[in-house]
Structures are given as C-alpha cells and as structure tokens.
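Trainee: I should like to go through this model and ask, for each descriptive term, on what grounds it is applied.

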Amino acid sequence: MRGRIVRVSGPLVVADGMREVRLFDVVNVGPKALIGEVIELRGDKASIEVYENTDGLRVGDSVETLNMPLFVELGPGLMSNVFDGIGRSLLSIYEHSGDRIGTGLDTIRLDHKKLWHFTPTVEVGANVAEGDILGTVQETSAMLHRILVPVGVEGVVETIEEGDFNIDQPIAVIKTSNGKEKVCMHTKWPVRVPRPKVAKLSIDEPLITGQRIIDTLFPIARGGVAAVPGPFGSGKTVVQHQLAKWSAAEVVVYIGCGERGNEMTDVLREFPELVDPKTGKGLMERTILVANTSDMPVAAREASIYTGITIAEYYRDMGYNVVIMADSTSRWAEALREMSGRLEEMPGEEGYPAYLGSRLAGFYERAGKVQTLGSEPRVGSVTAVGAISPQGGDLSEPVSQATLRIVKVFWGLSASLAHKRHFPAIDWLISYSGYNGKMDNFYKTNVSYEFPKYKSYIMRMLQEEAELNEVVQLVGFDVLSDKDKITLDIAQVIREDYLQQNAFDEVDTYSSIEKQNKMLRVLYTYATLASQAVENGISYEKIIDIGSRAKIARMKYTLETELDELDSLESAVKADFAILENKEGI
Ligand SMILES: Nc1ncnc2c1ncn2[C@@H]1O[C@H](COP(=O)(O)OP(=O)(O)OP(=O)(O)O)[C@@H](O)[C@H]1O
Ligand SMILES: [Mg+2]
C-alpha cells in the first residue's frame, strides 16, 4: 500500500491514503526511504514520526508501509557495538560509508556476513520448547552468547550442526506440529513489546556497583530501578559512567540520549581501555552503546530507550544480569514533548503530553529479576538507571515527579555538594533506597553481620551533623561541647574519608564490598572509641590528634590486593586510643 505526503513539519510527516496501515507500523518515507513510525491515525491520514532528517521531503512524495512494527535485530554482533536510536549499527555504517550516515532500512543493523562459530548443546532428536538453549557462540571474550529456541516454537530437533555460520544461515531445523522451523542465529523483536518471561521474581540481592555511597547507604537491587536527578554539572553522567564501568553485571547497555556528542566520544574512547576488575577482560567486551546524541534526529531519541531495553531483555533471557543506563531521560521527555506539540495534542503540565508517565513506566517496568522461558528456566535480570536533568535542579517538574513515582531508588545530586567538590554529589539527606531492608539481610549473610549496623550508624551521625550545623551557624563551633565537636569530627571522617570517592583515581574509582566493609569497620572503631574517650574526659584536641586518624584519610587508597592493611589500621586505631586512655596494650 502506498500513501502520499500531505504535510511535513520537522520530524512529523502526515500522509493520506493510509487506511490499511496499523498504529506503530514502520513506513518508508519519500524517495530516500526514510524510516518512520505511524504514531497517530485519523481516517485515512497517518501521522508519522520520521527517525531521520526530513530535509528535502515534498508534499506528494510516496509513503510505503512495511507492515511491521519498529523492531531491533537480536543476535551475535550486538555486544561491543554502537547503535543509533532505532538499532542501526553505527560501527558498520561507519565502516561501509564513512562518517556519512545513509538513510532507510537498508543501512546496516547487525552484520549479516560475519561468520560465528556455533557449538550445539542439544542433539538431534531432542525435544525443545521456546527459550531452550540450542547452543552457544563466543561473541566476545567476555560473552558466551546463548542461541535460544525462538518464542512460540516447540518441537523435535531434526538437524543441528557445529560450524561457522552467518546470522542468516540456519543452525538447526526443528520439526513442529505444523511443519518445520529453520532456526538462524538472529531474531527480530518489536521494541515497544516486552519480551516474554515465565515470572517476575522477588528482588533479594544488591547489584554491587563499587561506589561506596551507593552500595552502603542507598543500594540498588539486581532487577531494581533507580533515578539520578541532579542540576547541571552535578555529576549525573559520571555516576552513570561509573555504574557502566564497575557494576557487577555481565552485560551493560548504555543509552546516550540527547546528551552532548562528546560525552559519547568519552565513552567510546575510555571504555575499550578499561579492564573489568573481576574478569580481567576489557569493559567494552560486555558493553553495548545506544547513541542518540543531541546532534542526531530528535524523533529517534524517543525510540532509543525502547531499543536499549529490548536488547537488555534479550541478554536477560539468556540468563544474564544486565544493567541499563539512560542519560538523560529529561532529554528523552523533551523529544516526546516536541512530537506531541507537532501533533497538536492537548498539552499537560509544562507542555508534556498526558502520557509522559505511562511512557516512562513502559521503560522502567521492563526492568526486573525474572525466571526466563525454557524447559530449564534460568534467572536473569535487568536493572535500570535513568538520569534526570531538571531545570535548575527543581524536582517538582513533571519528568522528575513522574519518575519518582516509578523508581525505588533515588540518588539525589546536590549542587552545593558538587560546588564543594564533594563527589559523588549524592545528597544523603534527600536520597533513599526502597530496597534497604532486603539488602540488609543479604549483606548480613554474605558480607558481614555488622554491615547494616555500620550503615545505620553512619546515617545517624550524618543526621546529627546536619542538626549540629544549624547550631554552629547560630553560635559558632567553639561553644560546642567536646562531645558535639567529636560528633562533627566523626561526620567529617565519614563524608571525606568514606563517602567521597574520586571517579578519576585509579584505586579509588572502585571499592569492592569487602573493602567497603573493612573501611566501615575502621570508621566505626574510630567513632565508638572517640565517643567513649570524650565520655571519659579526654579532650577533643587530643582525640583528633592521634596518629591513626591521619591514616584513615588515606584508607580509600588501599589496594584491593592489600585489604589486610585495613585490619592493621583498625588495630592501630585501637592502640592509639589505648595509649590515650593510659591503658596497657589493646
Ligand atoms: N565521582 C566523581 N569524582 C570526581 N569528579 C567528579 C565525580 N563526579 C563528577 N565529577 C566532576 O563533575 C563534573 C561534571 O560531572 P557530569 O558531567 O557528570 O555532570 P552532569 O550532571 O552530567 O552535567 P550535565 O547537566 O551537563 O549533563 C565532571 O566533569 C567531574 O569533574
Ligand atoms: Mg551529563
């Protein structure tokens, strides 16, 4: 079926003669076959969101429907790749056509010529059902890609072979009740439809990020959802980069959504050089980038988060833990607003469409820990983290409000902390984690029984500090009692020597949970002994002068291979206080 353009307004094209087209079908627009998606139907008129530059389109140009929704290709070759908002490989485009990006669907998604070595894990004659593993491909040195029986297919394996195949060649034939199904190594999946699962599982373990304030105070669960709101320059992108680099996940999907192109360049330049501390493999070996930077077509930005989460679900279905980052969902929402405005829809708050909240939920609700399809179901997870950039940091605006209603963890960045160069500028007085209770149980059994105690102690001291600061502002520091002075000292040690973490320092950039636990123990020992000493009449000046206190300031630079040093430091703290209190030994 062929329609005709009657109106062009930026990325929005209206065509008539489109009676048979369905909502969300993909269409080819104009002589260059630009890709667009039908987003509204009225009579025989279709409003089309065009994902490419519409310059040069004319009234009367043809529009052709492809009779399918916007999809991504899923298969080997995703990993380490860089895609645009609608799932076309920017790396392949670059290789084939230099830095000029071609148009239309012909431009490359996955590489269909490349050969992959397929190793079967089932034999001829096996009964298989959707989601069962047929075999594997070593996609990168860090990723064993599992080839699954496609959704909706069930039967007996008639042929299956080891060998080198491209993603279009059949690797197996399955005899089903109504014929034969040739299975190749890729599938297409509509981006707006969640991939099926057997069940959503309850959330019970943290996704360790190596970022102390996150893991200790405001943990995110595997399969959880978090938001990082913060004003301009407060460190949202650095937080997301840190999570992409250090999270304990097998797969990372990073969506650069309407942010500056140079931030994506940073990722492209930095990630290949970084090594995963756990596997010793390059970080890019487990990372997929979706780039829709501010200089790329605005409409594709809307699709980019669904493209990203579909890829994330695909690896989840193989039984992996995936973490997906979107920077920034505010830029995404602006794209939504722009399209809504062009459609002349009734604007909601601040011009955003009324469906802003449900579209955001459509992204975040696809996160979770799941039992996957398959006769022997696997467990996989998608953890989603979105940055929000509210104007002037004011969280009462619609995107922040809609997000906060959905997410369970909230890492609120504060301009004043960033201004003081306290990074990460996650404000402990406004942030929270809805997973805290469950994570405490995990930490108790898997890290140390004391961990939750350290955490609540820290929170209490930081709150006391906030209250004391108000007093100090009124009457000055000097009039405080020694006990209060020590409280402020402990809080300072917590802030500067524990919570502050330099993303750009080779050692400090990542702290294992074991290191966090040992650091906390040193802190707690110092804090309790200092409080006790004050009670026993030892002066504030004497306490802060002990030798080991200066060493606490450097404990974050302890190497992961030398964590014993933290045990020695704890003994040194005890020894110092023993001398102060005039006792023999420890
Ligand atoms: N953990 C950190 N360690 C050291 N420096 C940091 C850290 N986090 C942020 N910074 C500093 O803050 C600067 C701004 O951070 P970033 O670009 O992440 O802010 P942003 O909130 O994403 O800004 P924008 O609103 O422009 O997107 C960084 O360039 C860096 O100098
Ligand atoms: Mg940023």
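Trainee: Which residue in β14 stands opposite Trp116?

Mentor: Trp116 stands opposite Phe165 in β14. The model is predicted, with local features requiring pLDDT of at least 70 and side-chain atom pairs counting only at pLDDT 80 or more, while totals for chains, interfaces and linings use all residues. Residues are numbered from 1 along each chain as its sequence is written, chains are lettered from A and ligands numbered from 1 in the order in which they are written, and side-chain values use heavy atoms, leaving out hydrogens and water.

Trainee: What joins β9 to β14?

Mentor: Three bridges join β9 to β14, and the two run antiparallel. Two strands pair if DSSP finds at least two bridges between them, so the three bridges of β9 and β14 satisfy the criterion. Strands themselves are DSSP runs of E, at least two residues long, and helices are runs of H or I, at least four residues long, both numbered from the N terminus.

Trainee: How many bridges pair β9 with β11?

Mentor: Strand β9 (residues 116–120) and strand β11 (residues 133–140) pair over three bridges, in the antiparallel sense. Within this pairing, Phe118 stands opposite Val137 of β11, and Thr119 has Thr136 of β11 as its bridge partner.

Trainee: In what order do the four strands of the open sheet follow one another?

Mentor: The order is β12-β11-β9-β14, with antiparallel pairing. β12 (143–148) and β14 (163–165) are at the edges because each has a single partner strand, so one side of each lacks a neighbour in the sheet. The twist from one strand to the next averages 40 degrees, where axes are lines fitted to C-alpha atoms (for helices over the stretch in contact) and angles run from 0 to 180 degrees between N-to-C directions.

Trainee: Which strands make up the closed barrel?

Mentor: Six strands form the barrel, running β1-β2-β5-β4-β3-β6 with antiparallel pairing. Direction ignored, neighbouring strands of this sheet are turned by 45 degrees against each other on average. Strand β4 (residues 34–42) and strand β5 (residues 45–50) are joined by six bridges and run antiparallel, and Glu40 stands opposite Ser47 in β5.

Trainee: Why is Ile388 called buried?

Mentor: Its relative accessible area is 0%, and buried means under 20%, exposed over 50% and partly exposed in between, calculated with a 1.4 Å probe on protein chains only. Ile388 therefore qualifies as buried. The residue belongs to strand β24 (residues 379–388). Contact means heavy atoms within 4.5 Å; leaving aside neighbours within four places in sequence, Ile388 has contacts that include Val228, Gly230, Ser328 and Val399. The C-alpha atoms of Ile388 and Gly230 are separated by 6.5 Å, although the two residues are 158 apart along the chain.

Trainee: What makes Ala33 partly exposed?

Mentor: Ala33 has a relative accessibility of 25%, a value that lies between the two limits and therefore places Ala33 in the intermediate class. Ala33 sits in the loop between β3 (25–29) and β4, and its phi is near 55 degrees, positive in a residue other than glycine.

Trainee: How do you know that the buried residues of α10 are on the same side?

Mentor: In helix α10 (residues 436–446), the buried residues are Met439, Asp440 and Tyr443. They cover an arc of only 110 degrees around the axis, which puts them on the same side of α10; the arc is that of the directions from the helix axis to the C-beta atoms. Exposed Asn441 and Thr445 lie on the face turned away from the buried side. The buried residues pack against α2 (212–217), α11 (451–475) and α13 (513–535).

Trainee: At roughly what angle do the axes of α10 and α11 cross?

Mentor: The axes come within 8 Å and cross at roughly 135 degrees. Angles under 35 degrees count as roughly parallel, over 145 as roughly antiparallel, 65 to 115 as roughly perpendicular and the rest as oblique. The crossing angle therefore makes α10 oblique to α11. Asn436, Asp440, Tyr443 and Lys444 of α10 meet Phe451, Pro452 and Lys455 of α11 in this contact.

Trainee: Which residues does the cis peptide bond with omega of about 5 degrees join?

Mentor: That bond joins Asp327 and Ser328, and Ser328 lies in the loop between β22 (321–327) and α6 (329–342). Another cis peptide bond, with omega about -10 degrees, joins Phe423 and Pro424.
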